[in-house]
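Please open the model in the viewer and keep the selection panel at hand. The tour below proceeds from helix pairs to individual side chains.

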Amino acid sequence: MASTKLESTEAPLSSSTSSSQSLDLLESEEIKTILKSDQSLEILLNRLKQSITTAEEFCKYLKKKAQIEDDYFNQTNRFAINIRSNFKHLQGKVKDDSFTQKLDEIIEFDQKISQVGISYVSAITSMFNELTKLIDVVSKTRKSIKDEGRRKEKDCQESIIAAEKAKQRYINLCEDLEKLRAMDPNRKQTFTLKNKSQEQQEQDLKAKIDSTDQDYKVKVATCKRLKDELILTYRPTNSRKLKDLILELDMAMNLQLQKFSTWNESLVINTGILINPLPSSNGKQSMKAIASSIDNGKDLYNYLIKNSSNANKVNKALVPIEYVQHHSQIRTGHQPFVINQQKQSNNSSVPYPTTSNQNTSVSSSNTNTFTSPSTNNGNGYPHSTTFSMPSYETANTGPTAINSSGPKDTPLASSVYSTLDPQSQFPQVSSEPSFGIPLEIVANKSGKDNVPLLVLKCIDIIEKFGLDLEGIYRTSANKNSIDNLKDLVDQKYTNYNLIGQNIDPTNVLDADIFCIASLLKNFFAHIPEGLLTDEASQQFIDIVQNTNKKSEQEINTAIHRLIFTLPDSSYFTLRALLFHLDNVASHESRNKMNIKNLSIIWGPVVLNSDSDNADDLSYKSLVIEKFLLNAHNIFYDGDGNE
């Protein structure tokens with residue numbers, strides 16, 4: 001079974017034979033001669049500096065490589081989680097068949113590969129840290145050896161210079177003595193400051209020569225001793241240390257390079273095994289096999305069978321209207337129908353009436369009662385029977401009452417005039433408020449894509465006429481104007497269409513736009529549980545608190561995940577509102593409303609808890625600010641659409 005994590009593999013080392021031969025070369029007489037030379041320190045220091053510089057460049061590559069790969073795998077993982085969450089959130093709007101299931105499984109591969117990649121990044125980071133520490137130690141050791149070697153060489157050089165000076169003084173005094181001895185004793189000498197005899201001068205020079213000679217011998221011995229210590233002790237020791245440091249650093253780089261190659265091979269191999277598992281992987285399917293297992297025909301068949309119950313539903317909007325003549329238009333003298341009371345009491349149903357040729361009289365009373373003469377037409381029906389036509393009203397008092405001389409529950413009342421039933425043809429007009437009602441109810445009764453039409457209407461008008469209006473959402477409108485518009489909308493759901501009907505596109509009044517903006521804020525402020533729900537509102541506030549303990553990425557991720565848990569109506573309404581406010585903020589140069597200003601205004605509206613604490617208001621504003629700054633990432637659908 002393929003593991004989702006990179007398995008650590010020891011990097012192969014060079015063969016012991018090759019390594020032994022290379023070390024033997026360094027013990028040759030030619031190399032020993034070079035290491036004993038006066039230039040050995042500079043040669044080895046330069047070579048070690050080259051190794052350090054090479055290692056530093058290698059570390060830069062590893063660090064940048066780790067950063068790039070870490071960004072890639074983390075973004076891929078987040079993107080895969082976001083897409084999979086979107087599909088779950090859009091359940092009912094996207095296909096629920098084998099294609100969607102297989103697509104989810106294929107996208108899951110990105111998450112698994114990201115886990116492999118994260119292990120790879122961790123390995124490279126560890127290599128970088130190890131090599132960086134080694135470079136630091138080698139650099140410090142190199143500096144110490146360099147300082148010590150140059151100090152010893154300097155001491156030796158200074159002792160040689162001192163010995164050379166002592167030698168020169170000794171030679172000068174000896175030459176003076178020779179000159180003195182070679183002079184005529186009777187000739188007055190002027191090369192001394194004191195008038196001394198030749199013998200006295202010669203004695204003085206001999207004393208000085210003896211002293212100078214002693215100093216000369218000491219300094220010569222000192223310079224030889226320092227040179228011997230340098231050649232026999234310090235130079236071999238420093239050369240050996242530098243050589244070992246060079247080999248240690250070079251071998252460490254070689255080892256890290258081999259490990260880097262091994263980790264890259266493991267990344268590719270494990271990724272390949274994830275995408276195309278081995279035959280012994282307990283029946284795990286490859287990505288290609290998963291994609292090939294989609295059956296579109298069966299998917300469509302299952303969908304149609306699943307929705308077969310809806311096929312028997314009749315769309316009332318497509319039922320044609322039957323023609324029924326109004327009772328006031330029926331001609332006088334024609335009897336619409338005659339009912340046999342005896343049949344009416346014995347039969348369970350009465351056929352639709354037909355007009356006969358018998359003479360009848362129609363009463364003009366409110367009950368619309370038809371009375372036939374007390375004669376017999378020869379068919380056995382009593383002609384003194386009366387029948388009341390149903391009368392109906394369109395007032396808001398409920399269904400029309402049926403007045404009849406017979407029982408009110410006769411089949412005639414429900415069968416003959418069913419097409420005139422005001423309950424089915426003329427719905428009762430009543431108050432249908434939108435304000436102060438749960439958002440889900442408003443969105444279901446008067447919404448589009450889970451967003452109340454009232455909200456969409458206000459946003460549409462503001463984006464048409466108010467984006468450049470200075471102080472939009474900050475400037476409040478006249479309260480009476482807002483209340484009148486609110487009462488008008490609350491009368492009926494469809495009255496949202498009346499919002500902005502008085503606006504003249506050629507002469508838009510600022511007051512009208514401010515009124516609609518205030519109406520929109522009023523709507524969100526009166527949602528019973530708030531746009532974000534009471535529970536989620538507090539969770540959002542908790543997320544943005546103590547930001548010094550969280551990174552910006554952690555805060556955004558927590559907000560992103562919590563938004564996905566909101567009900568559909570809250571999620572899509574919040575989406576529409578945030579994109580609208582983002583559009584308003586993009587016109588900041590004209591309307592003077594940036595994201596910060598909008599957040600301060602909309603924080604208490606969207607998170608409309610009862611608290612008026614200054615800190616709570618600040619956190620509410622911060623929540624909205626985070627929403628607006630990350631709106632396009634939160635609601636990004638993966639195809640570049642929002």
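Helices are DSSP runs (H or I, at least four residues), numbered from the N terminus. Axes are lines fitted to C-alpha atoms, for helices over the stretch in contact, and angles run from 0 to 180 degrees between N-to-C directions. The model is predicted: local features need pLDDT of at least 70 and side-chain atom pairs count only at pLDDT 80 or more, while totals for chains, interfaces and linings use all residues. Residues are numbered from 1 along each chain as its sequence is written, and side-chain values use heavy atoms, with hydrogens and water left out.

Select first residues 98-182, helix α4, together with residues 198-275, helix α5. Their axes lie 6 Å apart and meet at an angle of about 170°. The two helices α4 and α5 are therefore roughly antiparallel (angles over 145 degrees). Their contact is made up of 40 nonpolar, 13 polar and 22 charged residues; here Ala, Val, Leu, Ile, Met, Phe, Trp, Tyr, Cys and Pro count as nonpolar, Asp, Glu, Lys and Arg as charged, and the others, Gly among them, as polar.

Next, keep α4 and add α3, whose axis packs 7 Å from that of α4, at about 160°. That makes α3 roughly antiparallel to α4. The contact of α3 with α4 contains 26 nonpolar, twelve polar and 15 charged residues.

Now display helix α3 (residues 40-89) with α5: the angle is about 20° and the axes are 10 Å apart. These helices, α3 and α5, are therefore roughly parallel (angles under 35 degrees). In the contact of α3 with α5 there are 18 nonpolar, five polar and four charged residues.

Within α5, show the side chains of D213 and K217, which form a salt bridge at 3.3 Å, N to O. A salt bridge is a side-chain nitrogen of Lys or Arg within 4 Å of a carboxyl oxygen of Asp or Glu. Because D213 and K217 are four residues apart in helix α5, about one helical turn separates them. By this rule the count comes to 20 salt bridges.

Finally, go to helix α7 (residues 296-306), where Y303 is found.

Definitions and conventions: Parallel < 35°, antiparallel > 145°, perpendicular 65-115°, else oblique.
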